[in-house]
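Reader: I would be grateful for a close look at a single part of this model, followed by an account of how other parts of the chain are arranged. Please proceed residue by residue where that helps.

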Amino acid sequence: MSRFSERLYQAAHDIWAKSHEHPFLTEMREGTLDPERFIYYLKQDYVYLIDYAKLFAMGSMKAGDLETMVKFAELLHSTLHVEMELHRQYAGRFGVTREELEQTRPAPTTVAYTKYLLDAASQGSLAEVVAALLPCMWSYREIGVEFMKIPGALEHPLYREWILMYGSDEFGALADWCISLMDRLAEGLPERELAQLEERFLVASRLEYLFWDMAYRQEEWPV
Ligand SMILES: Cc1ncc(CO)c(N)n1
């Protein structure tokens, strides 16, 4: 039987393709993205990551064995100390303080995405936690690896570190681990449960798309 992650990947293909073609990413790829849009993205992503990191904590809590528990603890640690540190350093370059970053008011799409993830993860099994968090890691790995291949991309003064983080082997290995965990957890589950996992994966993938779109539009609350 083919792997469940393969089914998820196929099911989300059109959504991911739409993200790859979004002006936020095409302009970032070309090095022409307005830094204001990037700063907006960094701030929203910082508060996004605070909630996202909690999914790893929930993964640790729901893990069925010590090895899985340890791995989620590592993911939690690297989100808080490595990935969020990247954002703190970028913010510093733009004169945005750590406090300002942390006090960013989450925009509507950020609220929708983080609350969707936390709700899916707190109500569901470990498989549901993984299905919900996977599009985030997997799609960023794909974007990072793709960006690394662009000649000159790593010479860009602004986007170099971002590309290096998400295109790195370390990030890729963490994403791979989550993908193989998804496959292991899906083994032997009835179709009804697999369909539920697929639904989680697809909604999170759509919210990933909307997150790029939100950043490009610099979405704000109406009042
Ligand atoms: C919205 C979003 N998705 C995925 C990642 C990768 O961890 C991120 N930093 N932000």
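Author: Two residues are taken to be in contact if their C-beta atoms, placed from the backbone, lie within 7 Å. By this criterion, and leaving out residues up to four places away in sequence, L154 touches R160, I163 and L164. The model under discussion is a predicted one, and L154 is the part of it chosen for the close look.

L154 lies in the loop between helix α8 and helix α9, the latter spanning residues 160-166. The three contacts of L154, namely R160, I163 and L164, can be read against that range for α9. A residue is buried if 20 or more other C-beta atoms lie within 10 Å of its own, and exposed if 12 or fewer do. L154 has 14 other C-beta atoms within 10 Å and therefore counts as partly exposed. Looking back along the chain, L154 and G144 are 10 residues apart, and their C-alpha atoms are separated by 11 Å.

Helix α8, which precedes this loop, leads to the interior of the model. The largest nonpolar core has 60 residues, and those with the most contacts inside it are L55, L117, V130, A132, L133, L134 and M182. Helix α8, residues 126-148, contributes the largest share of this core, 13 residues. One of the residues with the most contacts in the core is A132. Apart from residues up to four places away in sequence, A132 touches L55, L117, A120, A121, R200 and A204.

A121, one of these partners of A132, is placed in helix α7, residues 108-123. A121 is buried because 27 other C-beta atoms lie within 10 Å of its own. Its contacts, again without residues up to four places away in sequence, are L55, M58, E128, V129 and A132. A121 and A131 are 10 residues apart in sequence, and their C-alpha atoms are 9.0 Å apart.

Helix α4, residues 35-62, belongs with α8 and α11 (191-217) in another respect: each supplies at least two residues of the shell around the ligand. The residues around the ligand are D45, Y48, L49, E83, C136, M137, Y140, E208 and F211. Sorted by class, this shell has six nonpolar, no polar and three charged residues. Y46 is also placed in helix α4. With 25 other C-beta atoms within 10 Å, Y46 is buried. Y46 touches M84, H87, L101 and T104, residues up to four places away in sequence being left out. L101 is 55 residues from Y46 along the chain, yet their C-alpha atoms are separated by 6.7 Å.

Helix α11 holds M214, which is buried because 22 other C-beta atoms lie within 10 Å. Leaving aside neighbours within four places in sequence, M214 is in contact with Q44, A107, T109 and E219. M214 and Q10 are 204 residues apart along the chain, and 25 Å separates their C-alpha atoms.

Q10 brings the account to helix α1, residues 4-11, in which F4, S5 and L8 are buried. These three residues lie on the same side of α1 because they cover an arc of only 100 degrees around the axis. The face turned away from that buried side carries the exposed residues E6 and Q10. Among the elements that cover the buried residues of α1 are α10 (169-186) and α11.

After α11 comes the segment that contains Q218. Most residues other than glycine have a negative phi. Q218 is not a glycine, although its phi is positive, at about 50 degrees. Q218 has 14 C-beta neighbours inside 10 Å and so counts as partly exposed.

Finally, an unreviewed UniProt entry carries the annotation "domain: Thiaminase-2/PQQC" for residues 10-217. Over residues 10-217 the chain is 82% helix and 0% strand, and the end C-alpha atoms are 28 Å apart.

Definitions and conventions:
Residues numbered from 1 in each chain as written. Predicted model: local features only at pLDDT ≥ 70, side-chain atom pairs only at ≥ 80, totals over all residues. Core = buried A, V, L, I, M, F, W, Y, C linked by C-beta atoms within 7 Å. Helix = DSSP H or I, 4+ residues; strand = E, 2+ residues; numbered from the N terminus. UniProt positions renumbered as here; feature names shortened; annotations may be inferred. Near = placed C-beta within 6 Å. Nonpolar A, V, L, I, M, F, W, Y, C, P; charged D, E, K, R; others polar. Arc of directions from axis to C-beta.
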